[in-house]
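Trainee: I would like a close look at one part of this model, please. Could you walk me through it slowly?

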Amino acid sequence: MNFLDMLRNAERQNGSMLCVGLDPEPAKFPATLKGDAGKIYDFCAAIVDATADLVSAFKPQIAYFAARRAEDQLEALIAHIHEKHPGIPVILDAKRGDIGSTAEQYAVEAFERFKADAVTVNPYMGHDSVEPWLSYSKKGVILLCRTSNPGGSDLQFLDVGGEKLYERVASLAAKNWNSTGQIGLVVGATFPAEIERVRAIVGDMPLLVPGIGAQ
């Protein structure tokens, strides 16, 4: 089953379009775990098990694991989700973006090492930096389009030939790059008007909408 099928099935099964972000900070853990980076897996797995019937996807942020040398715990967490909650897809929030040969290695990391079902990718180096991810035909590739941070407007809102840069990204993603049907877009919840605009451009393409509440 490919990522989009998993996502749609999970939405139907749980009656939910909620994606739960997993951004573990040991300093903010409950008292019994607080400050212990060795308990990242335990903390995140408990959240997963408590919410698996309420979500359509889980989204671990790789930096929160890698910063604490906890990549092994990230591998274990994704394996736990697949084993205990099959059918709930895992989106690895990595926001990778680099030239083709390097993108190939990042794709190996996300899809072969960590076994993610989808990954967030920065498309601002163009199609050849996105293409290696698409060679994994059953995986999802979720491109940054209109991000939720205030500084995103510095570049994404620039006019490029009569359209905003984020609109150009949405159009390229939907009309030129998505021949395999694997692509989705990140569009921040902090910009509802831009969500509406992107939806008008891309039709029913999946949108990952961060910025709703605390993760």
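Which residue in E6 does Arg146 stand opposite?

Mentor: Happy to go through it with you, and please keep in mind that this is a predicted model. The residue you are after is Val187: Arg146 stands opposite it in E6. Let me start from Arg146 and work outwards.

Arg146 belongs to strand E5. Its relative accessible area is 2%, and because buried means under 20%, Arg146 counts as buried. Leaving aside residues up to four places away in sequence, Arg146 touches Gly152, Ser153, Gln156, Phe157, Tyr166, Val186, Val187, Gly188, Phe191 and Glu194. So the bridge partner Val187 turns up in that contact list too, together with Val186.

Now the strand itself. E5 covers residues 140–146, and seven of its seven residues are buried. On one side, E5 is joined to E6 by five bridges, with the two strands running parallel. E5 also pairs with strand E4 (residues 118–121), again in parallel, through four bridges. In that pairing, Gly140 of E5 has Ala118 opposite.

Next comes E6, which spans residues 183–187. This strand is mostly covered as well, with five of its five residues buried. In a regular strand the side chains alternate between the two faces of the sheet. E6 shows this nicely: Ile183, Leu185 and Val187 point one way, Gly184 and Val186 point the other way, and all are buried. From E6 we can step on to E7, which pairs with E6 in the parallel sense over two bridges. Leu185 has Leu207 as its bridge partner in E7, while Val186 is matched with Leu208 there.

Put these pairings together and you have an open sheet of five strands in the order E3-E4-E5-E6-E7, with parallel pairing. Strand E3 (91–96) and strand E7 (207–208) stand at the edges with a single partner strand each, so one side of each is left without a neighbour in the sheet.

Helix H6 is the next piece to add. H6 runs over residues 127–134, and its buried residues are Ser129, Val130, Pro132, Trp133 and Leu134. These pack against several sheet strands, namely E3, E4, E5 and E6, and also against helices H5 (100–113) and H8 (165–177). That brings H6 into the picture for both strands of your bridge, E5 and E6.

For the wider setting, the secondary structure of the chain comes to nine helices and seven strands. The radius of gyration is 17 Å, close to the 17 Å that the globule rule gives for 215 residues, so the chain is as compact as a globular protein of that length. Along the principal axes, the C-alpha atoms fill a box of roughly 55 × 35 × 35 Å. Across the 215 residues, 47% count as buried. If you take the contacts between residues at least 6 apart in sequence, 66% of them join residues at least 24 apart.

Key: Residues numbered from 1 in each chain as written. Predicted model: local features only at pLDDT ≥ 70, side-chain atom pairs only at ≥ 80, totals over all residues. Heavy atoms only, no water. Rg over C-alpha atoms; globule rule 2.2 N^0.38 Å. Buried < 20%, exposed > 50% of the residue type's maximum accessible area, 1.4 Å probe, protein only. Contact = heavy atoms within 4.5 Å. Pairing = 2+ DSSP bridges.
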